[in-house]
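Biologist: Could you take me through the aromatic rings of this protein, slowly and in plain words? I am new to this, so please explain each term as you go.

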Amino acid sequence: MSDSVSPPGDDVRVRSRGLSRRGVLRGGALLAGAVPAAGLLSACSRPTVAASNGKPRRGGTLRVGVSGGSAKDSLDPHSPLTYPDQSRVVNLFEPLFTHDADYRIRPLLAESLESSKDGKTWVVKLRKGIEFHNGKTLDANDVIATLRRVVDPKAPTAGAGSLEMLDAQGLKRENATTVRIPLKTPYALFEDLLAQYTLGIIPEDFDLKHPVGTGPFSYQSFKPGDRSTFRRFDGYWRRPAYLDEVVILDFADDTAKINALLSRQLDAIDNLPPAYIDMIKNQGGQVLISKTGSWNPITMRVDTAPFDDVRVRQAFRLIVDRPQMVDQALGGQGRVGNDMYAPLDVAYASQLPQRHQDLGRARSLLKAAGHENLSVELVTSSGIGAGSIEAAQLFAHQAKGAGVKVDVRITDAATFYGDRYLSWPLAQDYWITRNYVPQVDSGSLKSSPYNETHWNDPEFNSLMARARREFDADKRKELLQAAQKIEYDRGGHIVWGFKNQVDAYAANVTGFTPNANLPLSNYEFRNVSVSD
């Protein structure tokens with residue numbers, strides 16, 4: 001690739017438009033300190049490339065800088081963990097259903113889904129004529145193989161917890177495009193479950209070393225913690241991508257990533273810190289802002305002292321000045337949260353009183369719990385996304401008002417998502433937009449793959465089990481709001497806000513549009529083009 005780039009950490013490979021460590025460090029020096037750096041860089045020359053006229057152009061390479069990633073990066077379609085993992089998965093693989101830019105469920109590889117009257121059997125019909133990257137035609141057996149891989153008891157994937165009700169051995173191929181899916185218990189929102197991006201359909205003979213999907217780009221190369229390359233799949237069942245190629249590069253450092261965009265060594269970056277919005281625009285770049293249901297909670301393990309005492313959890317929630325968090329950690333790009341998630345769900349319990357900072361009440365609760373003058377460690381990482389470290393530091397400052405000493409420990413992505421991930425007593429995490437039931441399945445049950453708070457409340461579990469079986473939308477809403485009230489009263493998440501997704505791209509790039517899902521228009525690069 002004549003126009004290739006080198007990742008941060010590469011001292012050797014310096015090319016005409018390459019991304020070298022020297023260049024990155026120089027950029028880091030320039031950008032150190034967001035606001036002063038913005039003024040300094042505004043005085044630099046603007047990019048010489050002409051802005052796109054908005055019309056897509058076929059061909060070219062899109063070079064994307066994505067936050068996070070490490071040597072543990074994966075191409076596994078069913079266990080993506082970090083932003084780089086997610087950006088690869090959505091371009092290689094496709095689920096049966098998907099969420100559109102407004103987070104409405106739409107059929108994708110599926111044509112339809114119908115339930116039996118008792119909600120225990122579902123029949124999915126596939127679109128005809130869809131091919132995998134190796135030329136194999138999508139068949140009902142591939143759907144069966146996919147679902148069985150996800151719930152394989154010998155190697156369960158991230159989606160296994162949400163498919164506990166699946167009767168994997170009872171899956172039946174009716175014909176080439178029809179699958180009968182039996183469940184052990186009724187599940188009213190099965191379509192939403194099948195729309196999760198972690199349930200991409202793979203062929204029966206799937207090999208992770210040579211991953212094959214039905215997505216608009218096919219696998220070319222992959223170096224964990226570094227870069228991955230994908231080529232346009234001309235046999236794609238919808239309009240093929242405009243781009244010839246996509247290169248995704250991991251970045252542990254926002255400064256290096258922004259500098260690479262400004263110096264035109266990258267064409268687009270995700271998770272732009274809001275403090276850089278004006279600077280990017282002043283330099284001739286473009287900023288993409290999307291309203292989402294994404295949240296970066298502070299997570300308290302409810303089974304570990306001192307957070308095993310609900311009074312401590314309540315106190316920590318009362319420590320937070322939520323408007324200040326949104327204004328300063330998110331640069332105003334977001335809205336205040338109320339310790340509940342899934343704000344785009346029709347069942348979101350918006351009637352619960354908004355929680356405000358109350359340092360006096362927080363002190364009183366901590367005293368009653370025997371934890372006056374408490375000292376704790378809050379673990380965070382740049383890999384969590386823009387604003388997370390700032391939020392952690394701001395929380396530590398706010399906690400002083402309640403007599404709590406918070407030591408902020410900043411780790412790299414490899415450490416944060418390493419062996420101790422999901423076991424930190426007090427940490428942060430990031431979650432993308434989801435409706436309430438899929439979110440609970442992913443993170444708020446004992447069986448959830450990412451239960452960072454170790455939440456396991458019998459009353460809550462019972463309500464969720466009833467809600468999954470309830471096909472009456474009004475009755476289901478009542479159950480879900482009762483479950484949210486329990487988390488609001490005694491849960492382990494501090495949901496202080498919902499952030500707008502802020503990304504940036506060069507002037508000669510077109511096709512990115514606001515999207516409530518993942519960054520950079522849900523990382524859907526099929527609609528993106530790059531002009532000369």
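Modeller: Happy to; here is a walk through the aromatic pairs. This is a predicted model, where local features need pLDDT of at least 70 and side-chain atom pairs count only at pLDDT 80 or more, while totals for chains, interfaces and linings use all residues. Residues are numbered from 1 along each chain as its sequence is written, and side-chain values use heavy atoms, with hydrogens and water left out.

A pair of aromatic rings is described by the distance of the centres and the angle of the planes. Rings of Phe, Tyr and Trp (its six-membered ring) pair if their centres lie within 6.5 Å; planes under 30 degrees apart are stacked, over 60 edge-to-face, and the rest tilted. Searching the whole structure gives 21 aromatic pairs. One of them joins phenylalanine 307 to phenylalanine 316, edge-to-face, with 5.2 Å centre to centre and 85° between the planes. Both phenylalanine 307 and phenylalanine 316 are buried (under 20% relative accessible area, with exposed over 50% and partly exposed in between, using a 1.4 Å probe and protein chains only).

Tyrosine 417 and tyrosine 421 also pair edge-to-face, at 4.8 Å centre to centre and 65° between the planes. Tyrosine 417 has 8% relative accessibility, so it counts as buried; tyrosine 421 counts as buried because its relative accessibility is 13%. These two tyrosines belong to a cluster linked by ring pairs, whose members also include Trp295, Tyr341, Phe416 and Trp424.
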